[in-house]
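Welcome, and take your time with this one. Let us walk through the structure together, one part after another.

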Amino acid sequence: VCVCVCLYVFTLVCVYVGPFSSLSCCFCVSAGYLVPSNMFCVVALGYAMEIAEDIWNDKHLYNKMAKLQKEIDEGIQTHAVVNHPTHGRVYAYEVDGLGGYLLMDDANVPSLLSAPYLKYDYDTDIYTNTRKFILSNSNPSFSQSRDGRIRGIGSPHMKKAIKDNVWPMSIIMEALTTTDVEEKKRLLDILVSTTGGTKKMHESFDVNNPSKFTRKWFSWANSLFAELVRSMTDKCT
């Protein structure tokens with residue numbers, strides 16, 4: 001990961017591979033600048049600024065990080081917001097800083113879907129449009145079962161193993177980022193019913209045959225599932 005400045009006009013973090021759970025299943029970033037990772041970087045710099053100010057009492061370091069944080073966020077607002085013909089203004093998944101972009105979302109976190117979970121200060125209207133886009137067939141990583149009951153986001157790098165793959169992680173993140181109690185319950189029911197009889201979260205499963213999955217035990221997804229359950233209010237039980 002490196003910070004690249006293009007003609008001194010904008011600053012974004014250049015990412016060569018997307019979020020991944022192991023080196024064997026990573027995927028290359030085609031446009032250079034992965035927007036969800038840049039969103040996460042803005043948030044992480046905020047945490048680092050708190051440490052610099054409150055613990056280290058290092059004003060110089062604080063100011064440098066604040067400047068970088070501001071520049072990255074401005075880069076997102078300037079280059080990562082594009083017009084979709086159906087959904088309106090949305091956040092792109094990848095950009096090249098020269099007008100090129102990739103519209104999709106991936107199940108891995110950080111993702112566009114996870115922006116509220118990451119506590120990124122997103123534009124509400126743009127995120128709402130983006131959420132509608134990525135949870136629809138317009139997103140090339142989105143899959144829905146033939147009976148329409150199961151739907152969610154998968155990952156392109158998993159298509160060789162399972163063509164129509166959905167990741168429990170994406171369903172969990174969808175539930176963690178909705179304020180609709182009934183929707184949380186619906187998504188929780190899907191998660192519980194798609195373990196292939198193992199009663200555990202997997203890396204991915206076939207949207208039409210959940211008994212076909214990758215990774216019998218996937219700690220990342222299981223931890224997020226536990227977080228989801230703990231977040232459920234009395235209204236959900």
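**A walk through the fold**

A good place to begin is helix 7, whose 13 residues (219-231) should span 18 Å at 1.5 Å a residue; the C-alpha atoms at its ends are 18 Å apart, which agrees. Do keep in mind as you look that this is a predicted model.

Which residues of helix 7 are buried? They are Ala221, Asn222, Leu224 and Leu228. These residues cover an arc of only 165° around the axis, so they sit on the same side of helix 7. The general pattern behind this is simple: an α-helix has 3.6 residues a turn, so residues three or four places apart point the same way. The cover over the buried residues of helix 7 includes helix 3 (115-118), helix 5 (168-176) and helix 6 (181-193).

Now step back for the whole picture. The protein has seven helices and 12 strands. Of its 237 residues, 51% count as buried. Among contacts with a separation of 6 or more, 54% are between residues 24 or more positions apart. The accessible surface of the protein comes to about 12,000 Å², and carbon and sulfur atoms account for 54% of that surface.

Next, turn to helix 4, which covers residues 124-134. At its start, a side-chain oxygen of Asp123 reaches to within 3.1 Å of the backbone nitrogen of Asp125. Further along, you can pick out the buried residues of helix 4: Ile126, Tyr127, Thr130, Arg131, Phe133 and Ile134. They cover an arc of only 160° around the axis, and therefore lie on the same side of helix 4. On the other side of helix 4, Thr124, Asp125 and Lys132 are exposed. What do the buried residues of helix 4 pack against? Their partners are strand 4 (81-84), strand 5 (88-91), strand 8 (142-144) and strand 9 (151-153), together with helix 3 and helix 5.

Thr130 makes a nice close-up within helix 4. Its relative accessible area is 0%, so Thr130 counts as buried. If you set aside the neighbours within four places in sequence, Thr130 is in contact with Val90, Tyr91 and Leu112.

Tyr127, another of the buried residues of helix 4, leads us to the aromatic rings. A pair of aromatic rings is described by the distance of the centres and the angle of the planes. How many aromatic pairs are there? The count comes to three. Tyr122 and Tyr127 form a tilted pair, with 4.8 Å from centre to centre and 40° between the planes. The two partners differ in how much of them can be reached: Tyr122 is partly exposed because its relative accessible area is 25%, whereas Tyr127 counts as buried because its value is 5%. Elsewhere, look for Trp167, Phe218 and Trp220, which form one aromatic cluster.

Our last stop is Asn108, in the loop between strand 7 (101-102) and helix 3. Is Asn108 buried or exposed? At 0% relative accessibility, Asn108 counts as buried. The side chain of Asn108 is joined to that of Asp106 by a polar contact of 2.9 Å. Asn108 also shows how sequence and space can be viewed side by side: Glu203 is 95 residues apart from Asn108 in sequence, and their C-alpha atoms are 9.8 Å apart in space.

Terms used:
Residues are numbered from 1 along each chain as its sequence is written. This is a predicted model: local features need pLDDT of at least 70, side-chain atom pairs count only at pLDDT 80 or more; totals for chains, interfaces and linings use all residues. Side-chain values use heavy atoms; hydrogens and water are left out. Helices (H or I, at least four residues) and strands (E, at least two) are DSSP runs, numbered from the N terminus. The expected span of a helix is 1.5 Å times one less than its number of residues. Buried means under 20% relative accessible area, exposed over 50%, partly exposed in between (1.4 Å probe, protein chains only). The arc is that of the directions from the helix axis to the C-beta atoms. Contact means heavy atoms within 4.5 Å. Rings of Phe, Tyr and Trp (its six-membered ring) pair if their centres lie within 6.5 Å; planes under 30 degrees apart count as stacked, over 60 as edge-to-face and the rest as tilted. A polar contact is a pair of N or O atoms within 3.5 Å; within protein, one must be able to donate a hydrogen and the other to accept it, and residues adjacent in sequence count only if both atoms are side-chain atoms. Accessible areas come from the Shrake-Rupley method with a 1.4 Å probe; for residues, only the protein chains shown count as cover.
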